[in-house]
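Student: Please take a close look at the interior of this model. I would like to know which residues pack there and what surrounds them.

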Amino acid sequence: MPSPSKRVCVFGDSHFACTKMALDEGLVDTGGIDLEFWGNIGTQFRHLTWRNAQVEALDEFTASRFAMTNAEGRTELCSKDFDAIFFMGCRIDVYRLFPEALHRSQTPELHTSSGVLKRWIGDFMRRQPPYHFARNFAAQRQARILVAPVSFDTDGFEDTVPEEFRSARAAQKKDRQALWDIVSAIMAEDHIDLLRQPEETVVAGCCTDPKFAVDNHMQRNDKTHKNSTYGALILNEALAKLRTA
């Protein structure tokens, strides 16, 4: 008998749109995967809470908005319904720390130990309600939890890397990987799998290559959101991890 398909939910804010576009454009290998999406724009996340051992909306309007993005019309997210939940973006914006941390790594007099960085990054992540959702799901040990934090801002905007942290632009792959290793270690303590931003999408230390930005991103002043090519890279990696689990 063939193995049953793994039930996977992609949970996200507006950043998960790139993964849905990738699927719709046939850029994602869904072999062996029964895939659902559940999410909404980031501001709606303020109206989600952890209750009854699941993620629920605080009001009927928010519940209906999330249900619209799901083929089954789900109004809540429960780990028992899935083999894995993939947090895509979800306002987990650890990328905000990379400019300063990488600037410090490029500036000897500002050197910061890995222990201090781990405490700093861990405290930052664990103050974010959506990361608490991931930790709570992981603690249930019913579904595997993967997290792809919000991607780096697109290069080309004046404030993509703040001027006071300009040395971050000189950071290399090894510098980024050292930081990602810390993020990964923090998540591993919470029984969560990290998906790092793919290296082929990164330029200028801690920026996203504009070729992965949404169409007309400069005219739209959108340095945040990414296109289907980016979505395909990250979703295919997530699904590949789940197939080999």
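Tutor: The answer below goes from the whole chain to its cores, and then to single residues inside and outside them.

This is a predicted model, in which local features need pLDDT of at least 70 and side-chain atom pairs count only at pLDDT 80 or more, while totals for chains, interfaces and linings use all residues. Residues are numbered from 1 along each chain as its sequence is written, and side-chain values use heavy atoms, with hydrogens and water left out.

The chain has seven helices and ten strands (DSSP runs numbered from the N terminus, helices being H or I of at least four residues and strands E of at least two). Its C-alpha trace spans about 55 × 40 × 40 Å along the principal axes. The radius of gyration is 18 Å, which agrees with the value near 18 Å for a compact globule of 245 residues (taken over C-alpha atoms; the rule is 2.2 Å times the number of residues to the power 0.38). Of the 245 residues, 51% count as buried (buried is under 20% relative accessible area, exposed is over 50%, and partly exposed is in between, with a 1.4 Å probe and protein chains only). The chain exposes about 11600 Å², and carbon and sulfur atoms supply 49% of that area (Shrake-Rupley method with a 1.4 Å probe; for residues, only the protein chains shown count as cover). Among contacts with a separation of 6 or more, 77% join residues 24 or more positions apart (contact means heavy atoms within 4.5 Å).

In soluble globular proteins, nonpolar side chains tend to be buried together. The largest nonpolar core here has 49 residues (a core is a set of buried Ala, Val, Leu, Ile, Met, Phe, Trp, Tyr and Cys residues joined through side-chain atoms within 4.5 Å). Phe11, Leu48, Leu77, Phe87, Ile121 and Ile145 touch the most other members of this core. Helix H6, residues 173-189, supplies the largest share of the core, six residues. A second, separate core has 23 residues, including Ile33, Phe37, Ala84 and Tyr230. Back in the largest core, the contacts of isoleucine 121 beyond four places in sequence are Val94, Leu97, Leu179, Ile182, Val183 and Ile186.

Tyr230, named in the second core, is also a contact of threonine 201. Threonine 201 sits in the loop between strand S8 (193-194) and strand S9 (202-203), and with a relative accessible area of 0% it is buried. Neighbours within four places aside, the residues in contact with threonine 201 are Cys207, Thr208, Asp209, Phe212, Tyr230 and Leu233. Its C-alpha lies 9.6 Å from that of serine 151, 50 residues away along the chain.

Leucine 35 lies in strand S2, residues 33-39. It is buried, at 18% relative accessibility. Beyond four places in sequence, leucine 35 touches Val8, Val10, Leu23, Thr30, Leu235 and Leu239. Arginine 7 is 28 residues from leucine 35 along the chain, with 6.2 Å between their C-alpha atoms.

Alanine 238 belongs to helix H7, residues 228-243, and is buried at 1% relative accessible area. Outside four places in sequence, alanine 238 touches Phe86, Leu146 and Leu195. Glutamate 100, 138 residues away in sequence, is 28 Å from alanine 238, C-alpha to C-alpha.

Some residues outside the interior serve as a contrast. Arginine 46, in the loop between S2 and S3, is exposed at 56% relative accessibility. Arginine 46 touches Leu58 and Arg91, not counting residues up to four places away; leucine 58 is twelve residues from it in sequence and 9.0 Å away, C-alpha to C-alpha.

Two alanines complete the picture. Most residues other than glycine have a negative phi. Alanine 53, in the loop between strand S3 (48-51) and strand S4 (54-57), has a positive phi of about 60° and is partly exposed at 41% relative accessibility. Alanine 204, in the loop between S9 and strand S10 (207-208), has a positive phi near 50° and is partly exposed at 25% relative accessibility.
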